[in-house]
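Visitor: I'd like to go through this one with you, and I'll keep asking how each label was earned. Could you put it up on the screen?

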Amino acid sequence: EDLLLDGQSVDRLALDMTGKPADAAIAVSAGVDGFAMESAMRMQWRRGRQGFQVQNLRIDAGPAGIWNLKSPSSLELTRTGYAFTTACLVEAGKGAMLCAEDDDRDIVLRSQDFPLALAEPWLNTASRDFVYRGDIDIRAELPKDFDFGRSGFVDIGVPVLTVGLRANTGT
């Protein structure tokens, strides 16, 4: 039976943990439909303190380039929630960037020159007939508890936008 992720068949998935959960090294790699991800992290799982430190992360996003974690980032889980240090992904070719910051009750997202093609699934909700090309700059604040009844916002700047029609495949 196939393993599916958001409707896509997972081509490859590997998880390797060395050591005890109190201080273990973890390596993860996955491949889905021409996209790939590799990461190395440390897990610290002790009474009263659970967390992960992501030491590196590499994402091959196909035509949207290769993205790397700019510097290590950590995630700490508590009884009442979670906290994380700033995590930035940088695209190797032209230096596009996507960052997430912990702002107490909110997650702050910001991007610079982010490929619009990667945001297309969320922008193209009414019809699958359109294709978008260009780069976007994003500034967003989202509730950390994902309770969207609270306020938040997403500002998207699109300096240059090309909208085209997807080829008719007859399906």
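Visitor: What makes the link of Cys88 and Cys99 right-handed or left-handed?

Guide: Look at the angle about the S-S bond: with 115° there, the link of Cys88 and Cys99 is right-handed. Bear in mind that this is a predicted model, where local features need pLDDT (the predictor's confidence in each residue, from 0 to 100) of at least 70, side-chain atom pairs count only at pLDDT 80 or more, and totals for chains, interfaces and linings use all residues. Residues are numbered from 1 along each chain as its sequence is written, and side-chain values use heavy atoms, with hydrogens and water left out.

Visitor: How do you know that Cys88 and Cys99 form a disulfide?

Guide: A disulfide is a pair of cysteine sulfur atoms within 2.5 Å. The sulfur atoms of Cys88 and Cys99 are 2.0 Å apart, so the pair qualifies. The structure holds one disulfide.

Visitor: Which parts does the pair tie together?

Guide: Cys88 lies in strand E9 (residues 87-91) and Cys99 in strand E10, so the link joins parts eleven residues apart in sequence. Strands here are DSSP runs of at least two residues and helices are H or I runs of at least four, numbered from the N terminus. The protein has one helix and 14 strands.

Visitor: Are those two cysteines buried or exposed?

Guide: Buried means under 20% relative accessible area, exposed over 50%, and partly exposed in between, with a 1.4 Å probe and protein chains only. Cys88 has 10%, so the residue is buried, and Cys99, at 1%, is buried too. Of the 171 residues of the protein, 27% count as buried.

Visitor: Why is the pair of Trp45 and Phe52 called tilted?

Guide: Rings of Phe, Tyr and Trp (its six-membered ring) pair if their centres lie within 6.5 Å; planes under 30 degrees apart are stacked, over 60 edge-to-face, and the rest tilted. By this rule there are three aromatic pairs. In one of them, Trp45 and Phe52 have ring centres 5.9 Å apart and planes at 55°, so that pair is tilted.

Visitor: What are Trp45 and Phe52 called in terms of accessibility?

Guide: Trp45 has 39% relative accessibility and counts as partly exposed. Phe52 has 23%, so this residue is partly exposed as well.

Visitor: What is noteworthy about the phi of Asp104?

Guide: Most residues other than glycine have a negative phi. Asp104 has a positive phi of about 65° although it is not a glycine. Asp104 is found in the loop between E10 and strand E11 (106-112), and at 64% relative accessible area Asp104 is exposed.

Visitor: And what is the phi of Asp113?

Guide: Phi of Asp113 is near 55°, again a positive value in a residue other than glycine. Asp113 is in the loop between E11 and strand E12 (114-115). With 29% relative accessibility, Asp113 counts as partly exposed.

Visitor: Which elements have the lowest and the highest mean pLDDT?

Guide: Helix H1 (residues 116-123) has the lowest, 69, and strand E10 (residues 97-103) the highest, 96. For the protein the mean pLDDT is 85, and 90% of its residues reach 70 or more.

Visitor: Where does Leu118 lie, and what makes this residue partly exposed?

Guide: Leu118 lies in helix H1. Its relative accessibility is 26%, so Leu118 counts as partly exposed.
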